Amino acid sequence: MREISTGAGMRVREYADAGGMIFAVAWSGPARPDLRQLLGGYYGEFTAALLERKPLGMHRAVLIAGQSIRVELAGHMRAYTGRAFLPARIPAGVPIQEIR
Amino acid sequence: VKPAVPLRLPALALPILLGACFGGSGSTTAAPPPPIANVVTLTVDGGPAAAAGQLNHLYVSVKVCAAGSQGACANIDHVLLDTGSVGLRLVGSVLAAQAVTLTPAQDPQGQTLEECVAFGGGQTWGPVAFADVSMAGERALKVPVQILDDAASGAPPPTDCGTNGTLINDVPTLGANGILGLGVFAQDCGPACVAPATPLPFYYGCSAAGACSAENAALTAQVANVAAMFTSDNNGIVVRMPNLVNANGDAVVQGELVFGLSTQSDNALPATGLTVLGADGNGDFTATYNGSATVLPALIDSGTDHYGFDDPSIAVCPSGEFIGYYCPAVPPQNVYAVNTGVGANNATGMINFAILDPNSFVAGAAAFEGLGGGGGSTRFTWGMPFFYGRTVYFGFDQRVADAYTGPFYAY
């Protein structure tokens, strides 16, 4: 696990398997990080699944299951949190609750 | 000198005057000022015509005028009352339809000041502008608000804001004509946006050519809590909602939003039976769910349409209108959570609630009691269903109400 923090209270954690493949990211802080950057090639899959929700509006806590990625957006103004992971790539023995 | 009679009269009259009005001074001759009207109606219904079919959306009407103008005003209905955020945000085309142009705000470099704010799955984008805002008899002048640029008439959003269709700037995607955020703080972003070496992706300065870059914003420049800027009754709000007639769905429910806490006879904090939950710098108290030892950050949020919490034992609706919400196999699923305040207001109390199958909700209804969701969340959110049948008090940061100093939530 690698943690990136900034002075503004933003924290991003990247979780990699033994081969260095990142299988999960989690974030928290006073703004939502750039998900396009964090999710990389999976961003399109995420937004396509997100837009099936109508209306997008104010649901505030959002759980998105794409073909290969699962994304949870939570929190509120001043305390945004969330995580994204690839269920098929999580190494055996890593509980999902540990990704936070 | 015969002072006995002139002195005795005011001494006798004073308690009567104090009983009849608020903030009575020493004057015995002036009539007491009439109390300021501090109540507006709240409505849960299907939403504005352009976004019909909303669910558990709590709406209010707001009057806005261009700052300093008495004439250029708009009455905007179906603005979502959101106790989980701060700031008034109005859809630009709704203002334009009433021919109102608010005064744009500039950053210290003379660029337009704009904002990208995340709500749920989407983000709002648009400039900060100044408005005079009125609700009932309350008024706040030159309030920084956000205009949601649904007409794309200003600077385009930066590449990290609302890409791939995730902007929530227009009425259909927002489900409202605007958002009135009356959470427990005075500004939206707060101290985190004032001075970091790398500005957060929140406030932006935009050139005349429409090039925007993230920048810091002083507290006084940030989009503000309208109710905290009212000249009176500005220490908090009260949200009162009735019980639903049909737990499986009412078409219209009306309650009231009262400004101020213990400033008038209609907003007094009850002397007994009140649970006061202090909040931290994020606006959160804590909750534990169904006996779990895990302590979760929690808040009371009218902008969330459901009880939000993680319970892997409750099935999630796999498809259809309620995809992602809880669909308990054997409803009602009776559960509970224990709330505990943070800091000096550290009360604790248990709340029982029930999750129903949303597919049992009455078609066309707008208010539902048993909606749950948020699987995977590491937080607890008392969303709109919590409000039905309750009076909930919100104490603003650093403001005092009776023996309590905000930020706090109470019920």
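This passage describes two sheets and the interface between chain A and chain B in a predicted model.

The model is predicted, and local features therein need pLDDT of at least 70, side-chain atom pairs count only at pLDDT 80 or more, and totals for chains, interfaces and linings use all residues. Residues are numbered from 1 along each chain as its sequence is written, chains are lettered from A and ligands numbered from 1 in the order of writing, and side-chain values use heavy atoms, with hydrogens and water left out.

In chain A, an open sheet of 6 strands follows the order β1-β2-β3-β6-β5-β4 with antiparallel pairing, where strands are DSSP runs of E of at least two residues and helices are runs of H or I of at least four, numbered from the N terminus, and two strands pair if DSSP finds at least two bridges between them. Because β1 (2–5) and β4 (62–65) of chain A each have a single partner strand, they stand at the edges, and one side of each is left without a neighbour in the sheet. Neighbouring strands of this sheet are turned by 10° against each other on average, direction ignored. Strand β3 (residues 22–29) of chain A is joined to strand β6 (residues 79–85) of chain A by 6 bridges in the antiparallel sense, and A:W27 has A:G82 as its bridge partner in β6(A). Helix α2 (residues 43–50) of chain A lies across β4 and β5 (70–76) of chain A and runs at about 115° to β4(A); axes are lines fitted to C-alpha atoms, for helices over the stretch in contact (heavy atoms within 4.5 Å), and angles run from 0 to 180 degrees between N-to-C directions.

In chain B, an open sheet of 7 strands has the order β19-β18-β15-β16-β21-β17-β20, with mixed pairing. Its edges are formed by β19 (348–355) and β20 (372–373) of chain B, each with a single partner strand, so one side of each lacks a neighbour in the sheet. Strands β16 (residues 296–300) and β21 (residues 380–382) of chain B pair in the parallel sense over 3 bridges, and B:W382 in β21(B) is the bridge partner of B:I300.

The contact between the chains takes 55 residues from chain B and 35 residues from chain A. Together they bury about 3700 Å², 58% of it on carbon and sulfur atoms, buried area being the accessible area (1.4 Å probe) that two parts lose on being put together, summed over both. The elements giving two or more residues to the side of chain B that touches chain A are β3 (73–82), β4 (86–91), β6 (112–119) and α3 (171–174) of chain B.
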